[in-house]
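Please open the model in your viewer and keep the sequence at hand. The stops below are meant to be selected one after another.

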Amino acid sequence: MQHTSRLRGLLLCFTVGLLAVFIFGVSTQRAAAQESTHESVALEQNLSAEIARLQYQLEEVRENRADLTAQYAVLSGSQLLHRVLQEQRAALPSVNRRDVNDQLAQLRLDLFYLQREIRTATAASQPLLVEQQHLLQQRIDQRVTYMRLQQELQLEVQAFALELEEFLFWTPSNPRLNADWFMNFPAQLQRQGQRMQQSVTTMLRHSEFRPTLTAIGLLILLLVLIWQHRRIQALLTDQQGLMNNSEQPPSPWLIARALAKVILYVAPLSLALLLVGQFIGSDETTEHLQPHKVFTALALALFMISFLRKVLKPAGFAEAFFQWPSANCAMLKRYIELFALALLPLTVILAFASQQTSLYAQDMVGSLSLVLAGLYLAGISTWLFSRLPTLYNSLFVHRLIAAAVIFLPLSLVWMVATGYYYTALRLSGYYLATFYVMTIWVILEASIRRAIQLSSETLKRERDAELALVTDEQSIADQDIENAAPVVTPVKDYADIEQAEAQSLRLGRFFLLVLFTFILFTVWSDALSALHYLDSQYIWDNEQGIQFIPVSIGALMTAFFIIVVSIVLIRNLPGLLEVMFLSRLKLEMGTSYAVTSLTNYVLISIAIVSVFAVLGVKWEQLQWLAAGLTVGLGFGLQEIFGNFISGLILFFERPVRVGDIVTLNNLSGRVSKIKIRATVITDFDRRDIVVPNRSFITGQFVNWSLSNTITRITVKVGVAYGSDLEKTRQILLEIADQEERVLKEPAPQVLFLSFGESTLDHELRMHVGGLSDRNPTIDAVNREIDKRFRAAGIEIAFNQIDVHFRNDLGVEKLIQQENRQSKDS
C-alpha cells in the first residue's frame, strides 16, 4: 500500500512537470511568435525604406550621368571642372549589397505549402488563406524589387564612376606651370603646409594599434629572417661557390634556390615597414589619410631597390649565376642607386597625394616633385644608355628602348607643365608598376636562360664522357681483339643538344612573353578604360562642315596602333612560324614559302579591314570606290587583276613552287619567288627574270620537279655499218651501270632504232635523280663511250658522201667534140 502511494505521487509529479513544460513551451512559442511578428513587421518597414532609398539614389545617379556631357561642355576650359568632377565621384553612393536570397527562398517555400493547403481547404477557410497568399506574394515581390534595385544601382554607379574617371583623366586639374604659378608658389606652399599638418594630425588621431593575424604573421616571419640573416648569407655564398666551380656543373635548380635566398636576405627592412603599416591602421570609411597605404608602397619600392642592389653587387649574384659582365653590373647598380634617390621620396609623396579627393589644384609639393623627378630620371637614363653596350646586338632596338625609357618620365613633366597633374599622378603609379613587372621579367628570363644552359652543359659533359669511354674501349679492342670485352654503346641519345637548347630557350621566352603581357594588361586595364573618352572627341565631323566620315582621336590612335602591330606581325610572324612550326614539319619543297606568303596576305587583309572598321568606314560609303575599281578592272587594271588572281591560284593549286626548275617557252631556270603579281625565275646565268603569273595559268610550261625530280637522259650514238651490235649494246649498258649518278630503277635501256644514211643509230636511255645531274651525266657518259668504243674497235660513224664520176663518153670523145666545135666556129 505504501509502495502504491509512492508510485502515485511520482506519477503526479511527473504529470505536473509535463504540464508545466507544455505551458512554458506554449508561452515561449507565443512570445517567440510575437517577437518574430514584431521583427517581421520591423523588417518589412525597414525593407520598404531601403527600397525607397535605393530608388531615389538610382534616379539621382541616372540624372547626374545624363547631365555629365552637358555639364562638361558648359564648364570646359574652367579650372573648377576637375574639382566638380571629383566632388561628383566622391558623392557617389556606396552600394553595400544585402543578401536576401535565403529569405526569398524560404518565402517561396512557404508560398508553395500555402498554395497546396488552399487547394485542400474548405470554403470557409479559403478567404483567410488567400489573403495570406496575397501578403506572402507581396513580401516576395518586395524582396525581388530590393535585389533588382541593388543590382541596377551597383551597375549605374560603376558605369558612372568609369565615365567620371575618363573625364577626369583628360581634364586639366591644375594651372599651367607659367610665371604666375612660380610667383604664387611660396604662398601656395605655405597654405599646403598648413593643410598637410592638419591632415597628419587627423591621421594620427584616427590611427590605432591593430594586432591582426596578418600583422602577427609578418612579425613572426621578420623575427625568423633576422635570426637566420647570417645563415642565409652563408648559404648564398656557398651556392655562389658551387656556381663558379668549373669541374662539376651545378644543378639548374640552384639558380631558383639562390634567388629565393636573395629575396629572404633583403626582405627584413621591407617587412618592417609593411609591419608598421599593418599594426598602425585606421578606419577607411572616414575621410583622412591612410598611413598603411604609404608604408605598403614604400615597402615595395624599398624591397625592389634592395633586391636589385644585392643582385648587381660586384662579384655577386648576377655575375656568378647570370654571367653578366662585371662592368655592366657595376653600371646598372650605380643606376639603381641613383634611381632610388628619386623613387623612395617620390613614392611617399605620391602615396599621400593619390589619397586626396579634390585638392589637386593646390598640390604644389606633388607637382614640383613630379617635375623634378621626371627630369632627374630622364637624365640618369640618358647617362645609362649612352654607356651600356648595344642591347640585343641591334642599334635600332637599343635606341628604341632608350627612347622609351627616357620618354616616360619626360611625358610626366609635360603633363604637369600643361596642367594635367591628376593624369600624371595616375600614370606615375602605372609606370612604377610597369618597372616592377619588367624587372621581374628580366630576372626570370635570365634565370631560365641560365638554367637551360646549365642543363645543356650537363648533357654535353655526359655525352663527352661516354664518348670518351667508348673511344678508349674501342682502342683497347683494336689492340687485343681476342681478349677485348664488348664495346659499350652510349645509354642516352645525345643528338642535337644545341638545337634542343635553342628550342627550350625560345619556348621559355614565349611563355614569359604571354605571361607578362597578361600581367601588364591587368596592370594597365584601368588606365586603358580612360581611352574610351577619346572616342567622343572628333578631329572633324559633319557638324563642322566637313562632308566626310567623322573621325575621332581614339579611332585614329587605334588605327595607328593596328598599323604598327600589323607591320611588326607581317615582318616577324612568318619567320616565327618557320622557326617554331614549319621547320619541324616534313613539308614539300616550297610549302613553307607558300604558307608564310599566304599568312602575310591574310595579315594585310585583316589589317586593312580592321583599320577601315575602326575609322567607321562602312560598305555604303565605299560603293563609289567599288564602282571605280570595277571600271578600272574592266579597262586598265584587268592585266594586274588577272595576275593577282593567278598568283592566288598559284598559291593554292601550286602547279609551281619556290625551288622548282621550270621551262617556260625558251626560258629555263629555278623559281626563286612567287609574289602576288609576278614570279621571279633565276636562270642558269644567275639572272632574275620576272614573269607575270598569268603566263603559268593560261600558257604551257614544263615543271621538271612538280611530282618528283627524276628525269630521263637520252644519249644518241651512231656506229658504222658492219659493227658488232651486241657488243655495242653491252658496252653502253656497262657504261650506264657504272655511272654513279644514273639510277638503277628505272633501269637503263639501249635501243637500236634505225638504219641511218651512214650509221646504225642507237639510243642509251637512263634516269638521274635531279635536273642538276643531267649535264654532268651526259658529259661523263659521252667521254666513257668514246673511250670504250675506241678500245673495242667500234667506229663511231659520221655522215659520208661518195662522189662518183660517170666516164661513159670517155675523155677522148669530149676532146674531139670540143675541137670540132672550135673548127666550125
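How many bridges join β11 to strand β12? In this predicted model, select β12 (residues 760-768) together with β11: the two strands run antiparallel and are joined by six bridges. Within this pair, pick Gln-749, which has Arg-765 of β12 standing opposite.

Now widen the selection to the open sheet, in which three strands follow the order β10-β12-β11 with antiparallel pairing. The edges are taken by β10 (711-719) and β11 (749-755), and each of these has a single partner strand, so one side of each is left without a neighbour in the sheet. Direction ignored, neighbouring strands here are turned against each other by 25° on average.

Next, add helix α24 (residues 725-738), which packs on this sheet and touches β10, β11 and β12, its direction making about 20° with that of β12. Helix α25 (residues 774-792) can then be shown as well, lying across β10 and β12 and running at about 25° to β10.

Then move to helix α3 (residues 80-90) and α5, whose axes are 10 Å apart and which pack at an angle of about 160°; because angles over 145 degrees count as roughly antiparallel, α3 and α5 are described that way. Their crossing is left-handed. To display the contact, select His-82, Leu-85, Gln-86, Gln-88 and Arg-89 of α3 with Phe-160, Leu-164, Glu-165, Phe-167 and Leu-168 of α5; these residues divide into five nonpolar, three polar and two charged.

Finally, stay on α5 (residues 126-169) and select Gln-142, which counts as buried because its relative accessibility is 15%, under the cut-off of 20%. From Gln-142 to Leu-47 the C-alpha distance is 7.9 Å, although 95 residues set them apart in sequence.

Technical notes: Residues numbered from 1 in each chain as written. Predicted model: local features only at pLDDT ≥ 70, side-chain atom pairs only at ≥ 80, totals over all residues. Heavy atoms only, no water. Helix = DSSP H or I, 4+ residues; strand = E, 2+ residues; numbered from the N terminus. Buried < 20%, exposed > 50% of the residue type's maximum accessible area, 1.4 Å probe, protein only. Axes fitted to C-alpha atoms, helices over the stretch in contact; angles between N-to-C directions. Parallel < 35°, antiparallel > 145°, perpendicular 65-115°, else oblique. Left-handed = near helix turned anticlockwise from the far one by under 90°. Contact = heavy atoms within 4.5 Å. Nonpolar A, V, L, I, M, F, W, Y, C, P; charged D, E, K, R; others polar. Pairing = 2+ DSSP bridges.
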